[in-house]
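Biologist: Could you take me through this fold piece by piece, giving the reasoning behind each reply and closing on the value or name I asked for?

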Amino acid sequence: MIVGFYAPLPPARTGVADYAATLLAALRRHGRVEVAPQRCDVALYHLGNNQMHAAIYRRALEQPGVVVLHDAVLHHFLLGLLDRPAYVDEFAYNYGDWNRGLAAELWQARAGSGTDTRYFQFPMLKHAAECARAVVVHNPAAGRAVREHAVNTPVIEIPHLFQQPDLPTDGEAARYRQGLGLPGDAFVFGVFGFLRESKRLLTVLETFARLHAKQPRTALLVAGSFVSTDLERAVEPLLREPGIVRVPYLSQREFWLAAGAVDACINLRYPAAGETSGIAIQLMGLAKPVLLTDAEECGRFPEAACARIASGLGERESLWRHMVLLTSLPGVARAIGHQGALYIREHHQLEQVAQQYWDTLCAYSS
């Protein structure tokens, strides 16, 4: 059996590329896997919500295979891929001709699609899901979204992978932390990855400022590139507040140094796009407590393995209370981190995940 593997790969600056490279190496231990061949017995298509996946998406429609949905909302991807008439037709294909007026309205208002919940409520998955032999998802929310768009397509939930990295030593992490100007005795929170409105950075920064005024031996590391220039402008004054350290996009080595240097990770997502955060999985795997938006995407995580933050009106107060709890009672932070690491070790290990992928590919090969 020849498996065709279609995904962004490093040096592309995307978590999907890093994930795909790790999975590719693991799958090749099971059999023959080729990157983007002309012919294969079964194709594995990695789809996400950005234009890096455009050619992969088109091929997945033309030559059906197994689709991996890294985001269960393709709406923003299709806004960038299609012109207005094609977008309206695609929306109508997904949700009926009677919604063409809504489609035209959404097209007109697309500049606000990063924060407008309507774009997340209409994932526009029907073409990708109906054409697929099977769809792989990483969480229950994504599985539900696929079934709502393609009732006859098999949906296989495979946990997001975790590979134990070649970790920096405690000394290296401490020196990295010192080099950033982070006090050795401070409790450091970290926000990682591409910075967009849905990561709730404004809420995080304002809540941290409140915490830092009460507990000065705290710090916040904000690491990553801004996706939204509007967000960057909005938070720029807050990033200069005491206790906040800002660094740009991190290489893999720098990421693991930074992950080792922080005491907890804040990884909020609202509105959610059905994704499982690779950053959350990685930090949980390192036994760091992770603060996550309480949503269906995180439904598989045990209550004790993460800190669940309310969305909506209760978000700020929920985040505040959890940040105070972690900084006031270090034993709680350690316990959450420990439980998270145990869960990742049991369900997300690379070899286990790769076997599930291989079994799925064998089941749906031609």
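The exchange below goes through the sheet, then the helix contacts, then a single side chain.

Biologist: Before the details, what kind of model is this, predicted or experimental?

Modeller: Local features are described here where pLDDT is at least 70, and side-chain atom pairs count only at pLDDT 80 or more. The model is predicted.

Biologist: Which strands stand at the edges of the sheet?

Modeller: The open sheet has 6 strands with parallel pairing, in the order S2-S1-S3-S4-S5-S6. A strand at an edge has a single partner strand, so one side of it is left without a neighbour in the sheet. The twist from one strand to the next averages 25°. The edge strands are S2 (32–35) and S6 (155–157).

Biologist: Which residue stands opposite Val155 in S6?

Modeller: S6 pairs with strand S5, residues 134–137, in the parallel sense, and the pairing runs over 3 bridges. Opposite Val155 in S6 stands Val135.

Biologist: How many residues of S3 are buried?

Modeller: Both faces of S3 are covered, with Val42, Leu44 and His46 buried on one side and Ala43, Tyr45 and Leu47 buried on the other. The strand is therefore largely enclosed by the rest of the structure, and the count of buried residues is 6 of the 6.

Biologist: Which residue stands opposite His46?

Modeller: S3 pairs with S1 in the parallel sense over 4 bridges, and in this pairing Tyr6 stands opposite Tyr45 in S3. S3 and S4 also pair in the parallel sense, over 4 bridges. His46 has opposite it, in S4, Val68.

Biologist: At about what angle to S3 does helix H2 run?

Modeller: Helix H2, residues 54–62, lies across strand S1 (2–6), strand S3 (42–47) and strand S4 (66–69). Relative to S3, the helix runs at about 140°.

Biologist: How do the residues of the contact of H9 with H12 divide into nonpolar, polar and charged?

Modeller: The axes of helix H9 (residues 170–179) and helix H12 (residues 252–261) come within 8 Å and cross at roughly 90°, which makes H9 roughly perpendicular to H12. On the H9 side the contact is made by Glu172, Ala173, Tyr176 and Arg177, which meet Arg253, Glu254, Leu257, Ala258, Gly260 and Ala261 in H12. By class, these residues divide into 5 nonpolar, 1 polar and 4 charged.

Biologist: How many nonpolar, polar and charged residues has the contact of H13 with H15?

Modeller: Helix H13 (residues 278–285) and helix H15 (residues 330–347) have axes that come within 7 Å and cross at roughly 110°. An angle of 65 to 115 degrees counts as roughly perpendicular, and H13 and H15 are therefore roughly perpendicular to each other. Ile281, Met284 and Gly285 in H13 meet Gly337, Gly340, Ala341 and Ile344 in H15. The contact has 4 nonpolar residues, 3 polar and no charged.

Biologist: Does Thr360 count as buried or exposed?

Modeller: Thr360 is placed in helix H16, residues 350–363. Leaving aside residues up to four places away in sequence, Thr360 touches Val66, Val136, Ile156 and Ile158. Buried means under 20% relative accessible area, and because Thr360 has 8% relative accessibility, it counts as buried.

Biologist: From which residue's backbone oxygen does a polar atom of the Thr360 side chain lie 2.9 Å?

Modeller: Polar contacts are pairs of N or O atoms within 3.5 Å. At 2.9 Å from a polar atom of the Thr360 side chain lies the backbone oxygen of Gln356.

Terms used: Residues numbered from 1 in each chain as written. Heavy atoms only, no water. Helix = DSSP H or I, 4+ residues; strand = E, 2+ residues; numbered from the N terminus. Buried < 20%, exposed > 50% of the residue type's maximum accessible area, 1.4 Å probe, protein only. Polar contact = N/O pair within 3.5 Å; in protein donor to acceptor, adjacent residues only side chain to side chain. Contact = heavy atoms within 4.5 Å. Pairing = 2+ DSSP bridges. Axes fitted to C-alpha atoms, helices over the stretch in contact; angles between N-to-C directions. Parallel < 35°, antiparallel > 145°, perpendicular 65-115°, else oblique. Nonpolar A, V, L, I, M, F, W, Y, C, P; charged D, E, K, R; others polar.
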